Amino acid sequence: MVAERARVLNMVQAINEALDLALARDERVLVFGEDVGRLGGVFRVTEGLQAKHGEARVFDTPLAESGILGLAIGLAMGGMRPVAEIQFAGFLYPALDQILSHLGRWRHRSRGRVGLPVVVRAPYGGGVHTPEQHADSPEALLAHAPGVKVVIPSSPERAKGLLLAAIEDEDPVFFLEAIKLYRGSRAEVPEGYYTLPLGRARVVREGGAATLIGYGGMVEVMLEAAEVAAKEGVEVMVVDLETLVPLDEDTLLEAVRETGRAVVVYEAMRTGGFGAEVAARIAEGAIDYLQAPVVRVAGYDAPYPPFSAIEHHYRPSAKRVLAALRRVLTH
Amino acid sequence: MKPKVVQYLDKGEFPLGEGEALALYRAMRRARFFDEKAVTLQRQGRLGVYAPFMGQEAAQVGVALALGEKDFVVPSYRESALLLARGLPIHTLLLYWRAHPAGWRFPEGVRAVNPYIPIATQIPQAVGLALAGRYRGEDWVVATSIGDGGTSEGDFHEGLNFAAVFNAPVLFLVQNNGYAISVPRAKQMRVDYIARRAEGYGMPGVVVDGNDAVAVYLEAKKAVERARKGEGPTLLEALTYRLAPHTTSDDPSRYRTREEEETWRAKDPLLRFRRALEARGLWDEEREGELLAQLEEEFARELALADSVPEPRPEEIVEHVYAEMGPDQRRAWEALRQGRHVEEVW
Ligand SMILES: Cc1ncc(C[n+]2csc(CCOP(=O)(O)OP(=O)(O)O)c2C)c(N)n1
């Protein structure tokens with residue numbers, strides 16, 4: 001369901017609007033985290049929300065990620081719908097105990113009686129010269145935690161609808177926002193309340209020569225590569241996974257079966273990254289259709305470098321996607 | 001019962017020898033000089049994101065100068081003054097803030113570890129480093145530093161408890177500058193003084209006027225002596241203020257008032273100390289001028305040194321991940337060295 005009118009917004013504005021609507025619609029929704037109140041968040045995503053909805057519903061927490069996640073779990077147990085912010089995804093690590101030991105386990109360990117409708121928002125990823133540990137992409141760590149969902153939007157209008165769906169969801173959802181897209185992506189965003197379903201991948205560009213698969217900040221990189229390839233007469237399909245957990249395997253496999261060639265793109269470290277999961281699913285479900293090995297384009301097996309002069313070598317670029325494409329096409 | 005805030009300058013007391021006093025002032029002046037230059041360089045695009053410490057010189061330099069040669073500092077990102085006073089060369093510090101890999105390799109002999117970005121993780125590590133000294137028959141003391149906001153993290157509490165339990169020779173400096181980015185202390189905790197918490201772990205807690213260099217220095221010296229004698233850790237809370245934004249990408253006008261900033265500007269630790277020196281005939285305009293000329297010259301030399309370091313090589317991204325490169329790093333390294341990416345050379 002999509003509202004009629006639309007304006008051009010960036011991702012910060014779209015997410016802010018979603019939070020505003022959720023707070024207005026459901027009084028159980030709470031927004032909290034470090035610096036989200038008075039300051040409106042270091043990226044201004046929560047700007048104005050405290051002034052509008054009050055300090056009880058939009059509040060600053062002490063500087064303690066494990067505390068934030070633990071608080072969210074308890075609030076959810078008590079019937080609230082917390083939307084917590086972790087200032088940068090690279091600072092989720094102190095909270096991993098709450099996530100791995102508790103957040104994702106409660107429904108299972110209460111045999112379905114206690115679900116935790118928690119949303120955790122966190123900016124992630126590189127491309128904007130942030131200091132050390134501010135550009136981490138920990139989605140694979142989260143995807144490996146049983147019982148949580150992982151959603152990564154790639155545009156403002158998707159972000160708004162997906163976040164509202166995440167807040168309505170009965171299970172814990174990690175909502176990772178690519179820092180590069182915050183102000184770097186603008187699109188028409190419908191006014192008013194609307195949700196977009198979680199757990200669906202999207203074909204964002206059609207093409208028969210090969211399939212590029214990625215999510216979040218990598219979607220625009222894949223589209224750029226597809227554009228260049230098209231100029232050379234090679235039409236490739238681009239798939240935005242959007243929800244990593246639960247993964248829309250049907251759309252993924254169908255897209256790969258159609259082209260027989262696949263390149264998976266992600267900006268985390270290559271080894272054990274989410275792209276490895278995608279490649280494995282393709283091997284399990286579409287091996288008979290493959291005309292070339294699945295190729296990954298990813299970060300290198302090293303910490304994400306804060307070294308501004310060379311950072312761009314780590315984060316996948318359209319040029320690297322094209323090189324991988326060449327490999328699967330010439331195999 | 002309120003803890004007493006240790007302070008000397010406002011009471012007109014000055015229990016320091018001339019040598020010590022001048023060393024303290026020079027180090028603070030040098031730190032301020034660096035901070036101002038760094039902010040300017042950042043504005044010119046010649047430095048990355050930078051975390052200024054202006055206003056916190058007394059707290060950092062006071063602790064640094066209270067340490068002995070073999071002691072270590074385990075700092076956080078705002079501790080450039082601590083690092084400078086510990087002997088980190090200016091050009092290395094500039095390269096660090098330039099986000100250049102060469103700024104990550106501190107010279108041999110500088111007893112300081114790289115500043116930490118994740119909050120509070122350094123606290124338990126400092127305890128481990130202190131205990132390592134004991135195992136190795138060395139009597140080094142470790143000074144580690146954290147902000148008021150950082151004391152909310154679990155690691156802070158675990159680290160303090162460990163230090164007390166193992167009687168580790170650690171000085172925990174809390175630079176209570178009143179804010180964790182935008183969150184004021186009163187929203188961070190419901191204790192008036194962080195040093196109060198020390199008692200709960202079983203160690204002494206001391207509150208000092210963090211803008212009084214004499215107070216910080218003398219209290220830090222006591223804590224270091226205690227640690228060295230085997231009497232265990234101390235929590236030293238320095239009440240201070242950062243006169244600048246949280247980082248060069250922050251806008252403090254969103255969360256604090258001009259008036260508040262002005263009140264603290266009047267308590268500028270550098271000016272306060274300088275006035276005390278002048279009152280005792282230990283400093284004057286002429287010496288200040290000489291010092292500034294020296295600092296200017298030193299900085300220019302060090303900046304030129306930093307500028308002469310070549311641009312990082314792309315392959316440095318995968319260097320030093322392991323003692324010996326694994327096959328994945330090796331393959332990437334070869335590609336990057338040829339100016340290519342791994343996808344192109346497979
Ligand atoms: C684990 C972790 N969480 C969040 C952040 C983001 N962050 C950087 S500095 C900061 C505030 C720190 O405040 P404080 O400890 O008082 O030190 P100050 O900056 O005032 O020196 C925050 C929240 C971080 N670096 N690490």
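Here are some worked exercises on the predicted model shown above.

**Exercise 1: the ligand's surroundings**

Work out which chains surround the ligand, and which residues come nearest to it.

*Solution.*
Step 1. Start with the neighbours: 20 residues sit around the ligand, and Glu65(A), Tyr77(B), Arg78(B), Gly149(B) and Gly150(B) come nearest.
Step 2. Look at the chain letters. Residues from chains A and B surround the ligand, so the two chains share the site.
Step 3. Sort the shell by class, and you get nine nonpolar, six polar and five charged residues.

**Exercise 2: polar contacts and cover**

Find which polar atoms of Tyr77(B), Gly149(B) and Tyr179(B) approach the ligand, then say how much of the ligand's surface the protein buries.

*Solution.*
Step 1. Tyr77(B) uses its side chain: a polar atom there is 2.6 Å from a ligand oxygen.
Step 2. Gly149(B) uses its backbone, with a polar atom 2.8 Å from an oxygen of the ligand.
Step 3. Tyr179(B) also offers a polar backbone atom, 2.9 Å from a ligand oxygen.
Step 4. Now for the cover. On its own the ligand would expose 580 Å², and the protein buries 96% of that.

**Exercise 3: a helix in chain A**

Take helix α1 of chain A, residues 11-25, and check its span against the expected value. Then decide whether the helix is mostly covered or mostly open.

*Solution.*
Step 1. The helix has 15 residues, and the expected span at 1.5 Å a residue is 21 Å.
Step 2. From first C-alpha to last, α1(A) reaches 21 Å, close to that expectation.
Step 3. Count the buried residues: eleven of the 15 are buried, and that makes α1(A) mostly covered. Among them are Met11(A), Ile15(A), Leu19(A) and Leu23(A).
Step 4. Check the start of the helix too. There, a side-chain oxygen of Asn10(A) comes within 3.1 Å of the backbone nitrogen of Val12(A).

**Exercise 4: unusual backbone angles**

Say what stands out about the backbone at Pro246(A), His129(A) and Asn167(B).

*Solution.*
Step 1. Recall the background: most residues other than glycine have a negative phi, and most peptide bonds are trans.
Step 2. The bond from Val245(A) to Pro246(A) is cis, with omega near 0°. You'll find Pro246(A) in the loop between β12 (243-245) and α10 (249-259) of chain A.
Step 3. His129(A) isn't a glycine, yet its phi is positive, near 55°. His129(A) is in the loop between β5 (119-124) and α6 (139-143) of chain A.
Step 4. Asn167(B) isn't a glycine either, and its phi is about 50°. Look for Asn167(B) in the loop between α6 (154-165) and β4 (170-176) of chain B. Its relative accessibility is 31%, so Asn167(B) counts as partly exposed.

**Exercise 5: salt bridges**

For the pairs Asp26(A)–Arg28(A) and Glu235(A)–Arg205(A), give the N to O distance and say whether each residue is buried or partly exposed.

*Solution.*
Step 1. Side chains of opposite charge can pair when their charged atoms come close.
Step 2. Asp26(A) and Arg28(A) meet at 2.8 Å, N to O. Use the 20% cut-off for buried: Asp26(A), at 18%, is buried, while Arg28(A), at 36%, is partly exposed.
Step 3. Glu235(A) and Arg205(A) meet at 3.3 Å. This pair links distant parts of the chain, 30 residues apart, with Glu235(A) in a loop and Arg205(A) in strand β9.
Step 4. Glu235(A) is partly exposed at 38%, and Arg205(A) is buried at 18%.

Conventions:
Residues are numbered from 1 along each chain as its sequence is written. Chains are lettered from A and ligands numbered from 1 in the order in which they are written. This is a predicted model: local features need pLDDT of at least 70, side-chain atom pairs count only at pLDDT 80 or more; totals for chains, interfaces and linings use all residues. Side-chain values use heavy atoms; hydrogens and water are left out. A residue is near a molecule or strand if one of its heavy atoms lies within 4 Å of it. A polar contact is a pair of N or O atoms within 3.5 Å; within protein, one must be able to donate a hydrogen and the other to accept it, and residues adjacent in sequence count only if both atoms are side-chain atoms. Accessible areas come from the Shrake-Rupley method with a 1.4 Å probe; for residues, only the protein chains shown count as cover. Ala, Val, Leu, Ile, Met, Phe, Trp, Tyr, Cys and Pro count as nonpolar, Asp, Glu, Lys and Arg as charged, and the others, Gly among them, as polar. Helices (H or I, at least four residues) and strands (E, at least two) are DSSP runs, numbered from the N terminus. The expected span of a helix is 1.5 Å times one less than its number of residues. Buried means under 20% relative accessible area, exposed over 50%, partly exposed in between (1.4 Å probe, protein chains only). A salt bridge is a side-chain nitrogen of Lys or Arg within 4 Å of a carboxyl oxygen of Asp or Glu.
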